[in-house]
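Dear colleague,

Here is the structure I said I would pass on. My notes follow below it.

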Amino acid sequence: MRILLAGLFFAIYAGTLAASQDDDFMAMRQAFQAGDALRMAIFSQRLRGHVLEPYVSYYQLRPQLENTTVSTQTIEEFFNRYPDSPLSDRLKAEWLKTLGKAQEWELFAKGYPDLMNKDTELICYSFQQRLAANDSSAFTEARPLWFNARDLPESCTPLFDAMVTAEALTEEDIWARLRLALEAGNVGVAKRINEYLPENQALDERKLASAAENPLRYLERHRHEIKTRGDREIALFAVLRLVRSSPDQAYAYWPRINKQFSEAEHSYFLLQLADQAARRLNPSALNWFMEAASTTAPVPLSDAQLGWKTRAALRAGDWDLVLETIEAMSTPEQQAGVWRYWKARALKARGKTTEANVILAPLSAEHNFYGQLAEEDLGVTIGAPAESYKPTKKEIAAIERLPGIKRALALYRLNLRTEATREWVWAIRDLDDRRLLAAAEVARRHGIYDRAINTAEKTVQDHDFSLRFLAPHRDALRNIVKQQELDEAWVYGLIRQESRFISDARSSAGAMGLMQLMPGTAKWVSKKMGVRKYRPALVTEVNTNLTLGTYYLKHVLTLSGNQPLLASAAYNAGPGRIFQWRDEKQPLEGAIFAETIPFNETRDYVKKVMSNSMYYAKSFGHQLTSLKNRLGIVASRSGVEKLSQEEVAP
């Protein structure tokens, strides 16, 4: 009895101590964020031996980097003491940036090679260090950094200055990056690049601002004044702004100014026009691609442009062009699953079944949307492997003892998800398949479903699809799905993609909960359902979120003609868009519709939701239907009625 009471006492004491130390840790974290060194010192004493002690040390060291008061020895002691924590790599990166800014190149050169995560700021400092050491090969290796439409860190400016001075960047290189920035609409970046041009050739920045503000008005005022390279680039920028708002209007306007441009510039305009038209599903896109190619100085297409040309060819049913365009892509791009699959389909359409199957066979072994389609094209019923590897108790216990996993679990307990996820990713980065599955099982047991899924997905040979496709909350969801007459496997496939089953998930756009409901949608649904005393805080409550989310999903499914493919797209991008994305005149194979969704996020989302539903159907023991049947055939616009504003309001 005494032993039992003693054990109970120590268990209560340990729990109380852990809770107290957790409170101390959060207080120290707040002191760090407030820059309160005195309070940090007080709490650091209380947190000795705590599982999150590396963070305590980091919080104390990090402010010293700003004041350059920390010694190299102190930094290195931290690295040696916590080599298994991502904080070591993070602190090293921050320390190297301090060294780079101070041009302490000898110390920088010693620390940089071992850094795991090297961002652009550090890469530019590394090139600066090499130039300081008279390594002229840095010029050649740094060139790809220059051709970027985005603004780059300040550490890149001295590098680029040196490259221009040494003529490692030519005037034509400057114009090329200037055009990239203007293509992306980054006028501020373009102005900074413009400073590298000779004053008598540089863009007139007042004209550039005018073109950005109102492109059509600018063109009308200045179309007879297009004389210099700078004038032409600004005019091209203006007409490309028109392209983005209305390709047809831009094409109609182009003849008024085209005689003042070279054949290469004419081809460039047509290529940009065709690319934007393809992204908007404009039926003229392929004609404009052909017109761009027929000029006397055709501009080469990028992989991204070739991708949209291929998608336009798919919608047009031109399999010869699909094959030709995919084969024009770079070798790495052609190896992507998407283009291997459509290349095989194009070969089959040309009667080259054997060649197609050579591509489909290895693709069918990949556990994704294209792997599933490839299996079906080979005549195989798809599904998860029959056998799964189950980690042993010993393997699971070994993972639980890893310091990085302990820290990650502690951070998840404190709801510090960003830090926790960094720790988790770092801890599993070198694990083999079986240890990955053990780690996934640890995450599942702790209710960290997103880590369980993502970790299980990393395996290469040994798999456990019950971990890849977790089904939490099934008792609650089964009845709700039944009430709405929805396919349970599809609903799970959608939730897995929306939130990875994180019940309190919040997106940057404001979507909340398991089914990632936007506040306006949740309010609209609650009103439709007659929910009393509704308040936004209820949306992250599991049953409420599932009830509201499935009601809305049923709503968009009905609007979509009971086609899960279209409803998935509508759930992600809004019901009104699925009408716009249909072909004008003819029905489309569901896989082609999915492939040509204009929004990158929605296109990826829909394919994953539909793929997920296949695995869940297998896991739940549902009657299997092929992925192609699930995708169905999407009717043309002329075959369906346009939705009213009231219907698409949510």
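What covers the buried residues of α7? The cover includes α5 (86-101), α6 (105-111), α8 (137-146) and α9 (156-165), where contact means heavy atoms within 4.5 Å. The model is predicted, so local features need pLDDT of at least 70 and side-chain atom pairs count only at pLDDT 80 or more, while totals for chains, interfaces and linings use all residues. Residues are numbered from 1 along each chain as its sequence is written, and side-chain values use heavy atoms, with hydrogens and water left out.

Helices are DSSP runs (H or I, at least four residues), numbered from the N terminus. The buried residues of α7 (under 20% relative accessible area, 1.4 Å probe, protein chains only) are L122, C124, Y125, S126, F127, Q128, Q129 and R130. Just after α7, N134 takes a positive phi of about 60 degrees.

Two other positive phi values lie in loops. Most residues other than glycine have a negative phi. L281, between α16 (263-279) and α17 (285-293), has phi near 60 degrees and counts as buried at 12% relative accessibility. R500, between α31 (488-499) and α32 (519-529), has phi near 55 degrees and is buried too, at 18%.

Helices α23 (residues 369-377) and α37 (residues 600-620) pack at about 60 degrees with axes 9 Å apart, the axes being lines fitted to C-alpha atoms over the stretch in contact and the angles running from 0 to 180 degrees between N-to-C directions. The contact is made by F369, Y370, Q372 and E376 of α23 and K607, S611, M614 and Y615 of α37.

Regards

Terms used
Buried < 20%, exposed > 50% of the residue type's maximum accessible area, 1.4 Å probe, protein only.
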